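Please open the model in your viewer and keep the selection tool at hand. The tour goes from stop to stop, saying at each one what to select and what is there.

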Amino acid sequence: KRLIFLGLLGAAVAAGIAQNEAVSKTEQPKYDVLESHGSIEIRQYDPTVVAEVEIAGDQKEALEAGFRVLAGYIFGKNQSNQTYSTQKIAMTAPVSQQKSEKIAMTAPVTAEAHGSIWKIRFTMPSQYSLATLPQPKDERIHLMEVAGETVAAIRFSGLANQKDMETKAEELETFLIKNNKKSLGEPVHAYYNPPWTLPFLRRNEVLIKLST
């Protein structure tokens with residue numbers, strides 16, 4: 001039984017590593033590392049185009065719901081600008097999540113009492129611009145350009161629940177204060193792997209935009 005267990009564990013790890021290598025080949029937003037401090041980096045990101053949806057709920061519920069909405073868009077729930085056909089868009093990484101700074105105006109109020117409003121984003125492949133992206137059929141999805149920006153990022157593995165993200169955000173904010181760097185806006189949670197990835201193989205990040 002022990003040998004069977006070890007064999008299954010080895011197979012799972014091998015599959016996880018192979019899947020992780022596939023994720024590493026997925027297109028990601030381009031950036032330059034300006035400073036490196038262990039698990040913390042100061043990065044300069046290039047401009048990007050994103051698809052964004054705002055979802056009410058706790059951190060996990062909002063992430064899952066937002067992912068489904070945006071996945072529907074890139075997998076065909078859209079209308080091409082060139083034709084009346086739909087178009088598939090390649091998946092990129094990471095999926096990002098950020099608390100909205102707006103106050104929700106939906107009803108009933110009790111539906112939002114247990115959580116916050118979260119912005120869930122997919123970065124669009126670099127081959128697209130706002131003019132060439134297919135239009136989403138779901139009116140909740142907004143397409144927008146994000147200007148190049150300087151951010152602080154802290155990287156870690158594990159399951160990355162809300163407590164983990166809050167702890168890492170506090171660690172990153174402490175670093176910024178000690179190094180006299182001014183932050184802007186709410187921390188962004190970034191997830192690079194599918195949910196079935198083994199915890200120790202996952203790449204998670206908290207990013208905070210910096211004032212330049």
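Begin by selecting N180, the residue that comes after helix α3 and whose phi is positive, near 55°. Bear in mind from this stop onward that the model is predicted.

Now extend the selection back to α3 itself, residues 162–178. With 17 residues at 1.5 Å a residue, the helix should span 24 Å, and its end C-alpha atoms are indeed 24 Å apart, so the expected and the modelled span agree. At the N-terminal end, select N161, which caps the helix: a side-chain oxygen of N161 lies 3.2 Å from the backbone nitrogen of K163.

Which residues of α3 are buried? Colour M165, A169, L172, F175 and L176, which are the buried residues of this helix. If you look down the axis of α3, these buried residues fall within an arc of 120°, and therefore they line one face of the helix. A general rule helps here: an α-helix has 3.6 residues a turn, so residues three or four places apart point the same way. The face of α3 turned away from the buried side carries the exposed residues K163, I177 and K178. To see what the buried residues of α3 pack against, show the strands β1 (31–37), β2 (40–45), β9 (149–156), β10 (183–191) and β11 (204–210).

The next stop is the interior. Select Y73, M124 and L133, which have the most contacts inside the largest nonpolar core, a set of 36 residues. Several elements each supply at least two residues of this core, among them β2, β3, β6, β9, α3 and β11, while α2 gives the most, with 7 residues. Stay on Y73 and display what surrounds it: leaving aside neighbours within four places in sequence, Y73 is in contact with residues including A51, I89, M124, L133, P134 and L143. Then look for a second, separate core of 7 residues, which includes Y45, V151, A190 and Y192.

From the cores, move to strand β3, residues 48–57, which is mostly covered, as 8 of its 10 residues are buried. Strand β8 (residues 142–146) runs antiparallel to β3 and is joined to it by 5 bridges; to find one of the pairs, select E52 together with its bridge partner in β8, H142. β3 also pairs with β6 in the antiparallel sense, over 8 bridges, and here you can select V50 with T123, its bridge partner in β6.

Two loops remain. In the loop between β5 (95–99) and β6, select S100. Is S100 buried or exposed? Its relative accessibility is 13%, and because buried means under 20%, S100 counts as buried. Setting aside neighbours within four places in sequence, S100 is in contact with E54, I117, W118 and K119.

In the loop between β10 and β11, select T197, which counts as buried because its relative accessibility is 3%. Add P194 to the selection, since the backbone oxygen of P194 lies 2.9 Å from a polar atom of the T197 side chain.

Finally, zoom out to the whole chain, whose secondary structure comes to 3 helices and 11 strands. Of the 212 residues in the chain, 41% are buried. Among contacts between residues at least 6 apart in sequence, 74% join residues at least 24 apart.

Conventions:
Residues numbered from 1 in each chain as written. Predicted model: local features only at pLDDT ≥ 70, side-chain atom pairs only at ≥ 80, totals over all residues. Heavy atoms only, no water. Helix = DSSP H or I, 4+ residues; strand = E, 2+ residues; numbered from the N terminus. Expected span 1.5 Å × (residues − 1). Buried < 20%, exposed > 50% of the residue type's maximum accessible area, 1.4 Å probe, protein only. Arc of directions from axis to C-beta. Contact = heavy atoms within 4.5 Å. Polar contact = N/O pair within 3.5 Å; in protein donor to acceptor, adjacent residues only side chain to side chain. Core = buried A, V, L, I, M, F, W, Y, C linked by side-chain atoms within 4.5 Å. Pairing = 2+ DSSP bridges.
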